[in-house]
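Q: Please take a close look at the salt bridges of this model. I should like them to be set in their structural surroundings, with due regard for the confidence of the prediction.

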Amino acid sequence: MTDRQPSLWNLLSPTANVSSLPTTTPLSCQTTLVPNRRVGALAAGKNQPKNPVKAVLAGGIAGGIEICITFPTEYVKTQLQLAESVKPPKYTGIVDCVGQTVKSHGVLGLYRGLSSLVYGSIPKAAVRFGMFEFLSNKVRDENGKLTSTNGLLCGLGAGLAEAIFVVCPMETVKVKFIHDQTGPNPRYKGFFRGVVQIVKEQGLRGTYQGLTATMLKQGSNQAIRFYVMTTLRNWYRGDDPGKEVGLLMTGCFGAIAGAASVFGNTPLDVVKTRMQGLEAHRYKNTWDCAKQIWQKEGVMAFYKGTIPRLGRVCADVAIVFMIYEQTVKFLNKIWPEKT
């Protein structure tokens, strides 16, 4: 009587011990299942592109799609942060802000400043993911696994890079556009004319206001997000680094990472927004801005716009990571990695 053959579950299980298979296992099983187990072990993070150029392309596509979906929440968040603590307050809350904007400017008023973010979000996400993959490829182990600590450090590097090269000028223009709308006679007519006007009146420095605050915000943002994402992915994969993280799970992990970054650095976001607004001349520097907010408005002023930012960022990070992963899959099919 022949030995009992192992079940399909035992063969495919991540904990299967290939070397312990019975010698009577059919040759077809040995030649097909064993190599597949080997490939799975070496394909840790198999959707992670070894070539940073793929990450740049995938990140740019993901960033452009995401901002078109979530911009209204960014608009409301910025308006609430720009509103001074005066009596009576300009807005009583999120609903009032949306209502006043729609009443004064129509539904499209919630998209004022979108062009500056569309033009900026594509290169921002491209730089972020490109830099992250470039750095992470240097520190992954032989199985392609990235530790949580290295994920945090690589995320920090990616955040600083996007802050310097893309985010600071993009955010400065966006905040000025949104702040300009609060006046009775908006001065900026379109993205390019607005940028030209800002540079003409304030010089190139006018598009780089709040650089320190932006670097602090973006660096901590991406450090927290990639740390959380790396930790959750490693936890989900367990002992099988080649286990694929599904689309829905990627979105859930992204939302958690986004929420963590919101609660971790909203005060920096408030300071950055004030430093980039039309009243930025009131502050000597980033530290002076934070000091004035603390003295004049109290500690809660550092958490203005937290709720709309929470909604936007959770959706933002979830959408970006989902689209990014799917785009990388597509690029890997038409542009296979060399082994």
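**Salt bridges and their surroundings**

A: In this predicted model, Glu133 and Arg140 are paired in a salt bridge whose closest N and O atoms lie 3.8 Å apart. The cut-off for such a pair is 4 Å between a side-chain nitrogen of Lys or Arg and a carboxyl oxygen of Asp or Glu, so the separation of 3.8 Å satisfies it. The two partners have their own degrees of exposure: Glu133 has a relative accessibility of 1% and counts as buried, whereas Arg140, at 21%, is partly exposed. The limit for burial is under 20% relative accessible area, which is why Arg140 at 21% falls outside that class. In general, side chains of opposite charge can pair when their charged atoms come close.

The search of the whole structure yields ten salt bridges. Among them is the one between Lys217 and Asp269, with an N to O distance of 3.0 Å. Lys217 belongs to helix 8 and Asp269 to helix 9 (residues 247-276), so this pair ties together parts that are 52 residues apart in sequence. Lys217 and Asp269 are each buried. The pair does not stand by itself, for Glu74, Lys77, Lys217 and Asp269 are linked in a network of salt bridges. A further salt bridge joins the side chains of Glu297 and Lys304, at 3.2 Å from N to O. Lys304 has a relative accessible area of 17% and is therefore buried.

Lys217 leads on to the internal cavities. The structure holds six cavities of 30 Å³ or more, and the largest has a volume of about 180 Å³. Seventeen residues line that largest cavity; those closest to its centre are Lys124, Lys217, Gln218, Arg312 and Asp316. By class, the lining comprises ten charged residues, three polar ones and four nonpolar ones. Helix 3 (52-82), helix 5 (114-139), helix 6 (148-181), helix 8 (211-237) and helix 11 (306-334) each contribute at least two residues to this lining. Lys217 thus takes part in a salt bridge with Asp269 and is among the residues closest to the centre of the largest cavity.

Helix 3, one of the helices that line this cavity, contains Thr78. Thr78 has a relative accessibility of 0% and so counts as buried. Beyond its neighbours within four places in sequence, Thr78 is in contact with Lys174, Val175, Ile178 and Thr273. The C-alpha atoms of Thr78 and Val270 are 8.6 Å apart, although 192 residues separate the two along the chain.

Past helix 3, the loop that leads to helix 4 (94-105) holds Tyr91. With a relative accessibility of 11%, Tyr91 counts as buried. The contacts of Tyr91, apart from neighbours within four places in sequence, are Gln79, Leu80, Ala83, Asp96, Cys97 and Gln100. Tyr91 and Leu80 are eleven residues apart in sequence, with 7.3 Å between their C-alpha atoms.

In helix 11, which is one of those supplying the cavity lining, lies Phe321. Its relative accessible area is 5%, so Phe321 is buried. When residues up to four places away are set aside, Phe321 touches Phe129, Phe226, Met229, Arg233, Thr250 and Gly254. The C-alpha atoms of Phe321 and Met229 are 9.5 Å apart, and their positions lie 92 residues apart in sequence.

As to the overall architecture, the protein chain has eleven helices and zero strands. Buried residues account for 47% of its 339 residues. Of the contacts between residues at least 6 apart in sequence, 77% connect residues at least 24 apart.

The confidence of the prediction varies along the chain. The average pLDDT is 80, and 83% of the residues score at least 70. Helix 8 has the highest mean, at 93, and helix 2 (residues 27-42) the lowest, at 37. Over residues 18-44 the pLDDT is below 50, and the model gives this stretch 34 contacts beyond near neighbours in sequence. Residues 1-5 stay under 50 as well, with five contacts beyond four places in sequence. Where pLDDT is low, the predicted coordinates should not be read in detail.

Key:
Residues are numbered from 1 along each chain as its sequence is written. Side-chain values use heavy atoms; hydrogens and water are left out. On a 1 Å grid over the protein atoms alone, a cavity is a set of points where a 1.4 Å probe fits but cannot get out, and a pocket is an open set with protein on both sides within 12 Å along at least five of seven lines; lining residues have an atom within 4 Å of a point. Grid points are joined across faces, edges and corners, and a volume is the space filled by probe spheres set on the points. Helices (H or I, at least four residues) and strands (E, at least two) are DSSP runs, numbered from the N terminus. Ala, Val, Leu, Ile, Met, Phe, Trp, Tyr, Cys and Pro count as nonpolar, Asp, Glu, Lys and Arg as charged, and the others, Gly among them, as polar. pLDDT is the predictor's confidence in each residue, from 0 to 100. Contact means heavy atoms within 4.5 Å. Buried means under 20% relative accessible area, exposed over 50%, partly exposed in between (1.4 Å probe, protein chains only).
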